[in-house]
Amino acid sequence: MILLVIGVGALMVSLTQSLLVPVMSELAIDLNTGSDGIAWLLTSTLLVGAVAVPAFGRLGDLYGTRKMVLVALSALVLGSLICALSDTLAWMIVGRAVVGLSVAVVPLSISLIGVTLPREHAGSGIAVISAMLGVGGALGLPLAGVIAEYADYHVLFWICVVGGILAIPGIVLLVPEPLRSAKGRMDLVGTALLGGGILSLLLPLAQGDSWGWGSGRTVGLFVASAVLLVAFVVFELRIKSPLVDVRTTARPALLLTNIASLFVGFALFATLIGTATYVQAPEATGYGFGKSILVGGLCMLPGGIIMLLLSPVSAKLKPRIALIIGSLIIAVGFLSRIWLTGSLWEVVLGATIAGAGTGIAYAAMPGLIIHAAPRSELAAANGLNALFRSVGSSLASAIGGALLAAKTMDLGGHALPSLGAYQLLFAICAGAAILAAALAVFIPTHSATADAALPEE
């Protein structure tokens, strides 16, 4: 029951990251705004989440992981409620920004499962929660497709409200608060530096297409990001109670896992943007199938299901081996997408293979983190890992969006992505997955802090 109630909360949060993608055009019409305004519904969540994940992770270590899970889920309910009751762009953006705080639920839940379930069940529980990041993204598209076709988009927000309300009392009643081993105080300066650095990185990645990649605003923010992140590292090395223990994070076991997470996060998001729109493209493009939003979303469903089914399998493997295998399966899925273009089932097969690999790889990462991070820093370490995945997804959105916009074909006066653009995107994703597997080869099989965060038998 502990895994069930925590899993429901994690699923609701992961759904929010893809739920709006199929209804963006409907939102633009209803809210009387353009694509730039609508993009802020996704960007606001992304930016707030990027700051909330490391901050909530450290707060969880200091003041209670379960407590911070409940705070983050409350933000999901409140933000979704604001959106469900809103008919203006400004209030919708506010609601989505509040929802961004809930992104911390998944890494916090991974930490909570790791220290509350018995050792023999912790591995599979962690794997399931970790896979929810991919499962929610894959299930969100078909769910939103059904809503878009048969109901008002506000229903999407009400689903998140109800899911959050169901999860909160279950966690209060069934999940114990683990003993806290972290000491010290919240590092507000470090939080501000890391938050500023991440915001300065993600904002131009999200808005680069509309601002221009060579514009002063875009380049200036990238430079500011580099300066702030360097300042963050220098500051963290000098204080006794840092937001992120830089020395521990720099150890190969954590550093290589986090970089591999970035590449896998890149591949996962590219699966989302490279499948639904591909299937919905007109047949006249020579590659598309002219399908509806609903069918485009349903093409992602098998991948989401297999992610969930394979995550416990990953827990039975050594985490490093699981990450290697999962990453290589992702590469096979994307390579198949380059050549198998003749029928809809081939597209679904490639997306499902990539989904299977993502489920295995995502489930392996917390296992690597939990064996390498001290228990007193577990929530913060999982939060940082989730942040790397988020940066990977943002890079995929920026690179994929720019690529699909640059390599186009003219169809009836409309510029649509060419088949070559998609094939190049799939090749880049396969390369990213192979890099993740290569990095995983060098992750130490045992670290000085191994098992430090695992529950006692």
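**Entry 1: T271**

I started with T271, which lies in helix α12, residues 252–273. I kept in mind that this is a predicted model. Is T271 buried or exposed? I found a relative accessible area of 6%, so T271 is buried. I then looked up its contacts, leaving aside neighbours within four places in sequence, and noted M300, F334, A351 and A354. I also checked T352: 81 residues separate T271 and T352 in sequence, and their C-alpha atoms are 9.5 Å apart in space.

**Entry 2: G100**

Next I turned to G100, found in helix α5, which covers residues 89–100. Its relative accessibility is 0%, so I wrote G100 down as buried. What does G100 touch, not counting residues up to four places away in sequence? My list reads T45, V48, G49 and A52. I looked at V51 as well; the C-alpha atoms of G100 and V51 are separated by 9.0 Å, and the two residues are 49 apart along the chain.

**Entry 3: helix α9 and its ends**

Then I followed helix α9, residues 188–211. Where is its kink centred? I found the kink centred on L205, with an angle of about 40°. At the N-terminal end of α9, I saw that D187 acts as a cap, with a side-chain oxygen 2.8 Å from the backbone nitrogen of G190. Just after α9 comes G212, for which I noted a positive phi of about 100°.

**Entry 4: E236**

I met D187 and G190 again when I looked up E236, since both are on its contact list. That list leaves aside neighbours within four places in sequence, and it also holds P242, L243, V244 and V246. E236 itself is found in helix α10, residues 216–236. Which side chain of opposite charge is nearest to E236? I found R58, 7.5 Å away. E236 is buried, yet I could list no salt bridge for it.

**Entry 5: the cysteines**

I finished with the cysteines. How many disulfides does the structure hold? My count was zero. I wanted to know why C83 has no such bond. The closest cysteine sulfur, in C160, is 9.1 Å from the sulfur of C83, which is too far for a bond. C83 has a relative accessible area of 0%, so I put it down as buried. C429 is in no disulfide either; the nearest cysteine sulfur is that of C299, 17 Å away. With 0% relative accessibility, C429 counts as buried.

Key:
Residues are numbered from 1 along each chain as its sequence is written. This is a predicted model: local features need pLDDT of at least 70, side-chain atom pairs count only at pLDDT 80 or more; totals for chains, interfaces and linings use all residues. Side-chain values use heavy atoms; hydrogens and water are left out. A disulfide is a pair of cysteine sulfur atoms within 2.5 Å. Buried means under 20% relative accessible area, exposed over 50%, partly exposed in between (1.4 Å probe, protein chains only). The bend at a residue is the angle between axes fitted to the seven residues ending there and the seven starting there. Helices (H or I, at least four residues) and strands (E, at least two) are DSSP runs, numbered from the N terminus. A polar contact is a pair of N or O atoms within 3.5 Å; within protein, one must be able to donate a hydrogen and the other to accept it, and residues adjacent in sequence count only if both atoms are side-chain atoms. Lys and Arg count as positive and Asp and Glu as negative; His and the chain ends are not counted. A salt bridge is a side-chain nitrogen of Lys or Arg within 4 Å of a carboxyl oxygen of Asp or Glu. Contact means heavy atoms within 4.5 Å.
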